[in-house]
Amino acid sequence: KKARLTRKDFEELGQALKIQKRVIENCFERLDQAIPKIKLVLNASFLSADLKKRYEKLIDLRSETLGIL
């Protein structure tokens, strides 16, 4: 299931596709750097306060699952 994908799953996929380890790490680093920007855009959106909190919580959960936070 999508929610159960971990960083290891993406690393293994990258290795299976013969992507260099450093390239895979760069992808995770870029995602890590993008998280604060994503949250800024989320907070500036027209979503209700409740939805903003729910999306931010989801972003944090997925980031943690991927080992980014």
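Here is a short chat between a student and a tutor about salt bridges and helix 3 in a predicted model.

Student: Before we start, what are the ground rules for this model?

Tutor: Residues are numbered from 1 along each chain as its sequence is written, and side-chain values use heavy atoms, with hydrogens and water left out. Since this is a predicted model, totals for chains, interfaces and linings use all residues, local features need pLDDT of at least 70, and side-chain atom pairs count only at pLDDT 80 or more.

Student: How many salt bridges are there?

Tutor: Side chains of opposite charge can pair when their charged atoms come close. The rule here asks for a side-chain nitrogen of Lys or Arg within 4 Å of a carboxyl oxygen of Asp or Glu. By that rule the count is 7.

Student: Which residues are linked in a network with Arg7?

Tutor: Arg7 pairs with Glu11 at 3.2 Å, N to O, and those two sit 4 residues apart in helix 1 (residues 7-16), about one helical turn. Helices here are DSSP runs (H or I, at least four residues), numbered from the N terminus. Arg7 also forms a salt bridge with Glu25, with the closest N and O atoms 2.9 Å apart; that pair links distant parts of the chain, as Glu25 is in helix 2 (residues 21-44), 18 residues from Arg7. So the network joins Arg7 with Glu11 and Glu25.

Student: Is Glu11 buried or exposed?

Tutor: Buried means under 20% relative accessible area, exposed over 50%, and partly exposed in between (1.4 Å probe, protein chains only). Leaving out residues up to four places away in sequence, Glu11 touches Ile24, Glu25 and Phe28, where contact means heavy atoms within 4.5 Å. At 19% relative accessibility, Glu11 counts as buried.

Student: Where do Arg54 and Asp50 lie?

Tutor: Their side chains meet in a salt bridge at 3.9 Å, N to O. Arg54 is exposed at 55% relative accessibility, while Asp50 is partly exposed at 47%. They are 4 residues apart, about one turn, and both lie in helix 3 (residues 49-65).

Student: Which residues of helix 3 are buried?

Tutor: Seen down the axis of helix 3, the buried residues fall within an arc of 30°, so they line one face; the arc is that of the directions from the helix axis to the C-beta atoms. The face turned away carries the exposed Lys53, Arg54, Lys57 and Glu64. What covers the buried residues includes helix 2. Those buried residues are Lys52, Ile59 and Ser63.
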